[in-house]
Amino acid sequence: MVDIDKLISKANERLTFTGVSIKREGKRLVLRAKFPPKPNGATADRLNLGWHSTPELIKKAEAMARKISGEIDLGIFNWEEYLKNNYQNLNSDNSIKFPNNLNYPNNLEFQNTTNYPNNLNSKFHPKQLILTCGEWIEKFEIDYFNRRERNNKSMSTWTVEYYTVFKNLPKTEPLTPQLLKDLALTTKPDTRTRKRYCMCLQALAKFADIDVNLKPYSGNYGINSVKRRELPEDINIATYFHRIEHPGWQWVYGMVAAFGLRNYEAFRVDIREFKKNPSTCILTDSKTGPRIISPYYPEWIEEFDLANIRLPLLNRERANRDLGGVIIC
């Protein structure tokens with residue numbers, strides 16, 4: 001015997017990020033959501049479909065929920081269409097009749113992926129008819145910051161790791177597996193860029209419930225792929241310190257050299273603690289989190305006069321990546 005409640009529960013799991021859910025009231029199906037006000041100004045959180053609770057109609061209700069989610073997001077949800085048609089009757093071919101003003105193909109079979117769009121090679125999801133790449137990116141960003149604090153570090157991660165990839169998607173086109181794959185393949189194989197593109201686009205595909213596997217294309221980039229850096233001799237590092245004329249940038253250079261800091265980390269030093277004990281450096285914020293660092297050469301602390309703190313005057317209330325971009329020494 002078919003477990004109707006279990007089918008509805010599974011459908012609602014797939015509808016998690018749409019803001020619309022399916023409920024069973026008696027033997028009939030209703031949709032629950034935060035709907036816009038009705039034409040008479042009344043608020044509503046349910047739409048009575050009038051459909052019986054059958055497996056086939058639960059599928060239709062899920063498709064309808066996805067469509068309504070997109071309409072609400074785009075601000076084109078029209079109560080009159082739903083109140084007029086009431087969606088209690090299905091067409092003779094048992095498919096949903098979409099409102100004419102949305103330009104959706106009538107009599108659409110949602111399991112048929114050969115008609116729309118042509119380049120969609122995986123199981124079709126109805127909400128792809130409505131949401132474009134740009135709209136999915138907006139939803140992804142909202143969800144991203146719903147799950148973490150919006151600060152300099154998270155903003156930098158979003159911008160550098162995700163948006164630099166997502167911005168290359170065509171904003172006004174539907175998000176499809178082929179688009180995701182095509183964008184990933186525009187990058188050079190076995191590079192950090194290819195690996196990042198595949199990772200970010202796969203995350204977007206998972207969020208949008210799109211069936212595509214980009215892992216085979218991510219390549220073999222790893223630590224062994226990084227070119228070895230040629231570092232200057234210690235004597236040259238110390239000599240160059242005395243050639244820097246600006247006292248603030250000279251201090252920054254000295255901190256980077258003595259403690260092995262990333263360029264922006266000189267601005268993330270706990271100044272109060274460093275004044276008390278310049279033999280150790282406490283970072284309050286960094287790519288790898290707060291930490292305590294000992295100097296490579298303790299004698300450089302005295303030679304570079306690092307206890308005499310001389311920070312350049314600039315805005316430090318910015319992302320680490322942006323702050324690092326202004327380091328000129």
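The turns below ask how some terms apply to this predicted model.

In this predicted model, local features need pLDDT of at least 70, side-chain atom pairs count only at pLDDT 80 or more, and totals for chains, interfaces and linings use all residues. Residues are numbered from 1 along each chain as its sequence is written, and side-chain values use heavy atoms, with hydrogens and water left out.

Me: Why is Thr191 called buried?
Reply: Buried means under 20% relative accessible area, exposed over 50%, and partly exposed in between (1.4 Å probe, protein chains only). Thr191 has a relative accessible area of 18%, so Thr191 is buried.

Me: What makes the link between Thr191 and Arg194 a polar contact?
Reply: A polar contact is a pair of N or O atoms within 3.5 Å; within protein, one must be able to donate a hydrogen and the other to accept it, and residues adjacent in sequence count only if both atoms are side-chain atoms. The side chain of Thr191 reaches the backbone nitrogen of Arg194 at 3.1 Å.

Me: Why are helix 4 and helix 5 called roughly antiparallel?
Reply: Angles under 35 degrees count as roughly parallel, over 145 as roughly antiparallel, 65 to 115 as roughly perpendicular and the rest as oblique. Axes are lines fitted to C-alpha atoms, for helices over the stretch in contact, and angles run from 0 to 180 degrees between N-to-C directions. The axes of these two helices cross at roughly 160° and come within 12 Å. Helix 4 and helix 5 are therefore roughly antiparallel. Helices are DSSP runs (H or I, at least four residues), numbered from the N terminus.

Me: Which residues of helix 4 and helix 5 make the contact?
Reply: Contact means heavy atoms within 4.5 Å. Among them are Phe140 and Tyr144 of helix 4, and Trp158 and Phe166 of helix 5.
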